[in-house]
Amino acid sequence: MSDTKKSKTEYVGKKDVVDAVSSKTGLTKDMAAKAIDATLETIAEKIANDEVVRFIGFGNFTRVSSPERTGRNPQTGEPLVIAASNRVKFTPGKTLKDRIN
C-alpha cells in the first residue's frame with residue numbers, strides 16, 4: 001500500500017467542521033454551528049424547490065429525478081417495481097477538482 005493512502009476512511013463530523021469554522025472565523029462555536037445549520041437548511045430548501053445551488057469554484061448541488069423502474073428481489077429473483085424518486089447530485093467545480101487531484 002502506498003504511503004499516501006490510508007488504510008481506513010477518516011470521517012469528519014459536524015462538530016469537527018464547527019470547530020474549524022470557529023477557529024478560522026473567530027466566531028464562537030455556537031455562532032459557527034448556527035451559521036452552518038442555516039447554510040445547510042438553505043441549501044436543502046433551494047434543492048427541494050428544484051433550484052441549483054452553485055458555489056463558484058466549489059461545485060453545484062442539483063436535484064435529479066430517477067424514474068420508476070423494474071428491479072429484482074435478490075433473494076427470490078422476483079421482479080419488483082422500484083418507485084420513482086429524487087436524489088441530490090453534487091458536481092465539483094474546477095477549483096475543488098484541482099485541489100483534490
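1. Starting with the pocket: the largest one comes out at about 360 Å³. Keep in mind that this is a predicted model.

2. Who lines it? The lining of the largest pocket consists of Ala 35, Ile 36, Thr 39, Leu 40, Ile 43, Phe 55, Phe 58 and Phe 61. Helix α2 (residues 29-48) supplies the largest share, five residues. Sorted by class, the lining has seven nonpolar residues and one polar residue, with no charged ones.

3. On to the aromatics. The count here is four aromatic pairs. One of them joins Phe 55 and Phe 61, edge-to-face, with 6.5 Å centre to centre and 90 degrees between the planes. Phe 61 is buried because its relative accessible area, 18%, falls under the 20% cut-off. Phe 55 sits at 35% relative accessibility, so it counts as partly exposed.

4. Another pair is Phe 58 with Phe 90, which is tilted: 5.5 Å centre to centre and 50 degrees between the planes. Phe 58 lies in the loop between β1 (53-55) and β2 (59-66), while Phe 90 belongs to strand β5 (residues 85-92), so this pair ties together parts 32 residues apart in sequence. Phe 58 has 41% relative accessibility and therefore counts as partly exposed. Phe 90, at 33%, is partly exposed too.

5. Worth viewing together: Phe 55, Phe 58, Phe 61 and Phe 90 make up one aromatic cluster. Among the pocket-lining residues are Phe 55, Phe 58 and Phe 61, so have a look at the cluster and the pocket in one view.

Technical notes: Residues are numbered from 1 along each chain as its sequence is written. This is a predicted model: local features need pLDDT of at least 70, side-chain atom pairs count only at pLDDT 80 or more; totals for chains, interfaces and linings use all residues. Side-chain values use heavy atoms; hydrogens and water are left out. On a 1 Å grid over the protein atoms alone, a cavity is a set of points where a 1.4 Å probe fits but cannot get out, and a pocket is an open set with protein on both sides within 12 Å along at least five of seven lines; lining residues have an atom within 4 Å of a point. Grid points are joined across faces, edges and corners, and a volume is the space filled by probe spheres set on the points. Helices (H or I, at least four residues) and strands (E, at least two) are DSSP runs, numbered from the N terminus. Ala, Val, Leu, Ile, Met, Phe, Trp, Tyr, Cys and Pro count as nonpolar, Asp, Glu, Lys and Arg as charged, and the others, Gly among them, as polar. Rings of Phe, Tyr and Trp (its six-membered ring) pair if their centres lie within 6.5 Å; planes under 30 degrees apart count as stacked, over 60 as edge-to-face and the rest as tilted. Buried means under 20% relative accessible area, exposed over 50%, partly exposed in between (1.4 Å probe, protein chains only).
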